[in-house]
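Take a look at the structure shown here. This report walks through its parts one at a time.

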Amino acid sequence: MIISGVTVEIVQGDITRQPDLEAIVNAANSSLLGGGGVDGAIHRAAGPELKKASAALAPIGPGQAVITGAFKLANQYIIHCVGPIYGEDKPEADLLASCYINALRLAEENAITSIAFPAISTGVYGYPLAEAAEVVFRTLGQLIPCLKSVKKVRLVLFDKRACDTYLAKLDSLVR
Ligand code: ADP
């Protein structure tokens, strides 16, 4: 799908295996020390140098984002966002939207042309996938027309159910 000259892709896959994109986004926690889920996978793939680089920028709160190199990963950058814990960090939708806003702001500031996002907050942090997808599409719809350097945004969903949920939500929004 192309919106205002920006290609938006929705794929099922592993965010640590997107070598054609300049930046990947991590769904981190405030300590930026690495954790489970996508965070653990990114830290394992990037190697121990990542922990040193990211921990030096901690702590960050829900909705905030910082950028590091990608070390052993094929990408150039990792943008670390802390999503809201559903039911705890409020207002959840605004904080989740801020992750995408701040990640894309950092991407623009670093002249990044392509970026992959996981479904932030939808794992351990408990954000219902369809609800999160709605926030993601609404936020991207507002931001994409303002982007200058970013030309490709890939939404990487780990399993088929998540991918199907995103596609169904997009379908319902453009109908
Ligand atoms: P959070 O704490 O923000 O909820 P999680 O890592 O627990 O973060 O989950 C966020 C989403 O990332 C979930 O939908 C999960 O299925 C997905 N995920 C887990 N591992 C990967 C991976 N390697 N690539 C892409 N997505 C992943």
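The sections below cover the sheet, two helices, the salt bridges, an aromatic pair and one loop residue. The model is predicted.

## The sheet

Start with the strands. Seven strands form an open sheet, in the order E1-E2-E7-E6-E3-E5-E4. The pairing is mixed. Which strands stand at the edges? They are E1 (2-3) and E4 (65-69). Each has a single partner strand, so one side of each is left without a neighbour in the sheet.

Now look at E2 and E7. These two strands run parallel, and 6 bridges join them. One residue pair can be picked out here: Ile10 has Leu155 in E7 as its bridge partner.

## Helices across the sheet

Two helices can be placed against these strands. Helix H1 covers residues 37-46 and lies across E3 and E5 (77-82). H1 runs at about 130° to E3. Helix H5 lies across E2 and E7. The angle between H5 and E2 is about 140°.

## The two sides of H1

Which residues of H1 are buried? They are Asp39, Gly40, Ile42, His43 and Ala46. Viewed down the axis of H1, these buried residues fall within an arc of 165°, so they line one face of the helix. The cover over them includes E3, H2 and E5.

The other side of H1 tells another story. There, Gly37 and Arg44 are exposed. Just after H1 comes Gly47, which takes a positive phi of about 90°.

## Salt bridges between distant parts

How many salt bridges does the count give? It comes to 8. One of them joins Lys152 and Glu9, with the closest N and O atoms 3.5 Å apart. Lys152 lies in strand E7 (residues 152-157) and Glu9 in strand E2 (residues 6-12), so this salt bridge ties together parts that are 143 residues apart in sequence. Lys152 is partly exposed, at 26% relative accessibility. Glu9 is partly exposed too, at 22%.

Arg154 and Asp20 also meet in a salt bridge, at 2.8 Å from N to O. This pair links distant parts of the chain, 134 residues apart. Arg154 is in strand E7, while Asp20 is in the loop between E2 and strand E3 (23-28). Is Arg154 buried or exposed? With a relative accessible area of 8%, Arg154 is buried, because the cut-off for buried is under 20%. Asp20 is partly exposed, with a relative accessible area of 48%. Put the residues together: Glu9, Asp20, Lys152 and Arg154 are linked in a network of salt bridges.

## A salt bridge within one helix

Next comes a pair inside a helix. The side chains of Glu49 and Lys52 meet in a salt bridge, at 3.3 Å from N to O. Glu49 and Lys52 sit 3 residues apart in helix H2 (residues 49-55), so about one helical turn separates them.

How open are the two residues? Glu49 is partly exposed, with a relative accessible area of 41%. Lys52 is exposed, with a value of 59%. The cut-off for exposed is over 50%, so Lys52 passes it.

## An aromatic pair

Now turn to the rings. A pair of aromatic rings is described by the distance of the centres and the angle of the planes. The whole structure holds 3 aromatic pairs. In one of them, the rings of Phe137 and Tyr166 have centres 5.5 Å apart. Their planes stand at 70°, so the pair is edge-to-face. The cut-off for that label is over 60 degrees.

Where do the two residues lie? Phe137 is in helix H4 (residues 129-143) and Tyr166 is in helix H5 (residues 160-174). The pair therefore ties together parts that are 29 residues apart in sequence. Phe137 counts as buried at 11% relative accessibility. Tyr166 is buried as well, at 1%.

## A buried loop residue

End with Ala70. Ala70 is found in the loop between E4 and E5. At 2% relative accessibility, Ala70 counts as buried.

What is Ala70 in contact with, leaving aside its neighbours within four places in sequence? The contacts are Ala46, Asn75, Gln76, Tyr77 and Ile78. Of these, Ala46 is also one of the buried residues of H1. Gln142 is another matter: its C-alpha atom and that of Ala70 are separated by 28 Å. Along the chain, Ala70 and Gln142 are 72 residues apart.

Note on methods:
Residues numbered from 1 in each chain as written. Predicted model: local features only at pLDDT ≥ 70, side-chain atom pairs only at ≥ 80, totals over all residues. Heavy atoms only, no water. Salt bridge = Lys/Arg side-chain N within 4 Å of Asp/Glu carboxyl O. Helix = DSSP H or I, 4+ residues; strand = E, 2+ residues; numbered from the N terminus. Buried < 20%, exposed > 50% of the residue type's maximum accessible area, 1.4 Å probe, protein only. Phe/Tyr/Trp six-rings, centres within 6.5 Å; stacked < 30°, edge-to-face > 60°. Pairing = 2+ DSSP bridges. Contact = heavy atoms within 4.5 Å. Axes fitted to C-alpha atoms, helices over the stretch in contact; angles between N-to-C directions. Arc of directions from axis to C-beta.
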